[in-house]
Amino acid sequence: MDLIININPGSSVPIYKQITEQVRLAAATGKLQVTDQLPSVRALAESLVVNPNTVARAYADLAREGLIETRPGRGVFVIHKRKVLAREEGRRRIEPLMNTLISEGLAMNFTPDELKEAFEKKLSQWKNEKGPKQ
Amino acid sequence: MKKLILKELREQYKIALIGLAILTVMLSLEFAGYGSHLRQVMSMAQGPSESFQPLLKHALLVQVSIFCAVFGMLLGWLQIRAEKHPDLWAFLVHRPISRNIILRSKVVSGFVLYAAGAGLPLFGIILVVSIPGNVAAPFTWAMALPLISIFLVGMVYYFAGLLTGVRKARWFASRGVGLGLGVLANIFLFVMPEFWHALLIIVVTGSLLALAAWGSFQTGGYYRDQPIAGKVALIVTSSVSVLVILGLTTTFVVNLALSRGEYTTSYYQLTKEGNIIRIFRQGFDEEVVDINGQTVLDEKSGQKIKQQDLQQPQQLWATTKGNGQRGSYQQQSFFNITRFFSAWRVKDQALWYLTADGRLVAYDVITRRFAGILAPSGGGDGGMANDSRFLLPPEYGPGYFNNHQTRGVLASARTAYLVDLEKRQLKPLFTVTNGDAIQGFAGARSARLEAANGSVLLLTRTSIRLLDVEGRTKLHLPYVPSSPEYPMVNFFWLEPAGFAVRFDPDHLLSEKSGGKLLSHVKWVNPDGSIRKAQDLPKLPELIQKNADRFFVSLLPPIFPLWSLNESYRVWSGFRIVPAILCAGIGWWLGRRNNFTLKAQIGWGVFHLLFGLPGFLAFLAVQEWPPRESCPGCNKLRVIDRESCEHCGANFAPPEKTGTEIFEPLTYQS
Amino acid sequence: MSDQPVIRTRGLTRYFGARCVVRDLNLEVPRGCVFAFVGRNGSGKSTTIRMLLGLLRPDRGQASVLGCDSRQLTPEIRARIGYLTEEHQLYGWMTVREAGEFQAAFFPRWDEKIFRGVIGHFGLKPEARVKHLSRGMRAGLCLALTLAPDPELLILDDPALGLDPVARRSLVESMIYLTRRSDRTIFFSSHHLGDVERVADYLAVLDYSVLRVCCPLESFRDNVQEVQLRFAGAPPPLPAIPGFLQAIRSENQLRVTCVHYNGETEKVLRYLSPVSLELVPLSLEDAFISYLGERGEKSFILSDTEVSS
């Protein structure tokens, strides 16, 4: 497992949220596969140098989302999503990312068609890398 | 605790070594000078008795005193200043042992360091002096007592240093609060009659200061919340210090302000013709009157005569009160050399001392060893007076070797002897009859008057005798009025012929009798018959200096007046006025700061007893709580009570600004 | 027993001279948490801590630690409290090893492995003298001396003051190490909000002698909001807003920070008819600065002096 989490204490995003976001991103990009084991609360806390309660809260949120699960005596594992994020929630999340992509691209004088092309290219790249699992 | 003691020793050993070095050098210099001092004696330039016994040399005792005071105080102060930084203090104090143990560790190590730095050199010098061949003077172990007491007083200063270091004082001056008590103990030391008196003073002042230091140590230097014993000790210590300072400043200031010429004295004197005159002196003014109060005029010039113009007759003075104690404190102190011996004569490389127990002992100047003894040998037996010890002559004192007179006269209770130091013999001059005893004597120094040369005056129980140089009786009078009322006899050779004898009463008995014992003069014809006798009228009292009077009125009512002279007590009743004033102001201050009733009463009693010095000390140590206006009644109230002393309202919680964020904290597992 | 707060104060008050430095402090610190105690310089944090440890007497009110009144902390209780001060003062003549031996003699639960571990972590040589150590190394030594007796309660008074980032990081790691045991509590004051954010469960803020915040760390950040209002022209004057903290005015913008932002506040702000109204997320440090800074409209330092170009 090559999960790398970096937290930044000065940011306007609380630390626990930074952890959950990065875990989510890792799961979404395939860095974290289902049945992968996450570090224990204490191990992660010590490696990030944060209060274990913060890590515990992040893990609790992730568990509530259905992304991870704590098995007593064994550890914390990534599981298959039982709950699917509501479509609306998903759209809300993607919206700012799309805004960023489009605004930056247009600012650099790419045409909409060029952007579309680049986007589709990236998608198929990922599909190939991930394989049929996704 | 052991760890703490080791830590203290490690921290402060340097100062102990420095002290050790300084004192050792000081004492060594004293010894180095001793040799040349002995040589000086042989060449007639010499020092007083005490300079031959270093353990009792006044200057050395003062020096060692100052050293022990500074060293002791410095040690105590440094031990506390080691944790001057509040965080280091916290480091010392926040650990699982009681604060008492921490203080005890400091004090134990302080004692050890002090004993090393001051005790070792002193022990050394005592040891050196005790070994024969080092000091050419008598030695007894009792002579070490002054140094021992000075050493012990240093511990009093140690506690003063602790107290000074630990107290959080607002004004600089109030830091030195323990010093006054230390200085007082030190001063008293030099005048105490016995060693155990000194020991008592040391124990009392030391305990007081130790208690005050302990109390302040408990709170880290603050006055409030100290245990009550510490507070009491602190306030008493401060009061005494303030008293000492007040005394010094008022004496200084008042002496400056008022004229110096306040000192008045008057006394009688005999002219060489045998007339009685009275000298009256005030400052630089002088008046000479006769016994009837008439001013004496010079016969030739008709001018007022001055005392220096009058020629005094040849005289000899003797007393039955032993070594002529006139009642001065210094002579009675256990620091005084005359308790042990007095320098008598120097002869043939031998220093002769007259010991206080009435024997002549010799010490060789070169070898510095005991070289001989001269004492009357006969004991006393049924009826005959004691002949084993000399009585002490009037010149017995802290003075010098009398080299001008190699022949001297000494008497026991039975026999008067001529002392021959060359042959080391005693030649009896006169022996009293059965039932009589010699009570006092005096031998004449080289006299202006040939007739008086070599005379010896003897006072026995019944008679006054004048002997010539061979011991033959030249004059014989009954000793009337006699001892013990009139122990002092002054014998005058009148010119051209005849004698006069003046009898002076004992000082204490005279006071007790209320002035009924008057000095008495007898005029004697050459054949021994009494020509005339007269009492001398009482002289007016000495007027005390205003400075002293003023100071006495400031003394606290608790001050023991019996320790002062009768004449000082004149204004003493006035003392109650400042005391009442202070109690009043103290009461008002207490009300203003919401003292409890118990505290108010306690302070009230204190102010009445301790007067002005106590009040000043009270102001110096108190920590006044700030005051704020009360939400209930708008009056100012002290902030250290829950409810207002005027209206009983509590303090309002701090105002809310609308930006508070309070949420319950969950107890996590 | 574990339900009792390890630190409790009731109306704790202290004056220095006529100035009140701690006023009516009511605080409860639960067992097993990491409690951050923040405030501006001189707001009374050190004084409070000294009162908790019985080094200073309060003028009014009480404090108790581990169930024992602060004025009478017994030796047994003191054995269970570790205290680290900001100056990291020790006896300069001691060596590192001597300091360890000195402390070990007093504490029954001294663990030499912990002491050596922390010493090693900071790279301290046993024979080095304290007076030759840098501030960071001294801090490491003090930390070792404080942690080795295995204290139940760790009280730290601005321990990171003057430390370089490496030493500071080691300090934070030690605090996290202590949380291994759920009955260990840490009470510390600090100016480093980054460290506070990393390690604290709860936050208390002393605003010049008065306690104004005591809540979980995230609640503080959640409750301090910044709203950005954009206007067509110059922004209008600001009306009274409940929980108002600060406002920064620029050309056509108004940034307002306030506490407990809710519908009421939004309504008041919308009356100003801004072009847009947006909630801006704040870092903990910014939230803290606007909470403890001066109330009212704020401008950058020296912004009204002309700078010659």
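## A parallel pair in chain C

Strand β7 of chain C covers residues 153–157, and strand β8 of chain C covers residues 185–189. The two run parallel and are joined by 5 bridges. One facing pair can be named: Ile155(C) stands opposite Phe187(C) in β8(C). This is a predicted model.

## The seven-stranded sheet

β7(C) and β8(C) belong to an open sheet of 7 strands. The order is β22(B)-β10(C)-β9(C)-β3(C)-β8(C)-β7(C)-β6(C). Pairing in this sheet is mixed. Strands of a sheet pair through backbone hydrogen bonds, either parallel or antiparallel.

Which strands sit at the edges? They are β22 of chain B, residues 661–662, and β6 of chain C, residues 81–84. Each of these pairs on one side only. Helix α10 of chain C, residues 284–292, packs on the sheet. The helix touches β22 of chain B. In chain C, α10 touches β3 (34–39), β9 (202–207) and β10 (210–216). Its direction makes about 30 degrees with that of β9(C).

## The five-stranded sheet

Chain C also contributes an open sheet of 5 strands, in the order β14-β11-β13-β12-β15. Here too the pairing is mixed. β14 (276–280) and β15 (296–298) of chain C are the edge strands, each paired on one side only. Neighbouring strands of this sheet are turned by 25 degrees against each other on average, direction ignored.

Strand β12 of chain C, residues 244–250, runs parallel to β15(C). The two are joined by 3 bridges. Among the residues involved, Gln246(C) has Gly296(C) in β15(C) as its bridge partner.

## Helix α10 again

What does α10(C) lie across in chain C? The helix crosses β11 (224–230), β12 and β13 (253–259). It runs at about 105 degrees to β12(C). α10(C) thus appears in both descriptions: it packs on the seven-stranded sheet, and it lies across strands of the five-stranded one.

## A nonpolar patch on chain A

Chain A carries a nonpolar patch on the surface. Its members are Ile94(A), Met98(A), Leu101(A), Ile102(A), Leu106(A), Phe119(A) and Leu123(A). Together they have about 650 Å² of accessible area.

Two helices of chain A, α4 (87–107) and α5 (112–130), each supply at least two residues of the patch. The largest share, 5 residues, comes from α4(A). Ile94(A) is placed in helix α4 of chain A. Why does Ile94(A) count as partly exposed? Its relative accessible area is 44%, and partly exposed lies between the 20% limit for buried and the 50% limit for exposed.

Note on methods: Residues are numbered from 1 along each chain as its sequence is written. Chains are lettered from A and ligands numbered from 1 in the order in which they are written. This is a predicted model: local features need pLDDT of at least 70, side-chain atom pairs count only at pLDDT 80 or more; totals for chains, interfaces and linings use all residues. Side-chain values use heavy atoms; hydrogens and water are left out. Two strands pair if DSSP finds at least two bridges between them. Helices (H or I, at least four residues) and strands (E, at least two) are DSSP runs, numbered from the N terminus. Contact means heavy atoms within 4.5 Å. Axes are lines fitted to C-alpha atoms, for helices over the stretch in contact, and angles run from 0 to 180 degrees between N-to-C directions. Patches are made of residues with over 30% relative accessible area and no salt bridge: like charges are joined within 9 Å, nonpolar side chains (Val, Leu, Ile, Met, Phe, Trp, Tyr) within 5 Å. Accessible areas come from the Shrake-Rupley method with a 1.4 Å probe; for residues, only the protein chains shown count as cover. A salt bridge is a side-chain nitrogen of Lys or Arg within 4 Å of a carboxyl oxygen of Asp or Glu. Buried means under 20% relative accessible area, exposed over 50%, partly exposed in between (1.4 Å probe, protein chains only).
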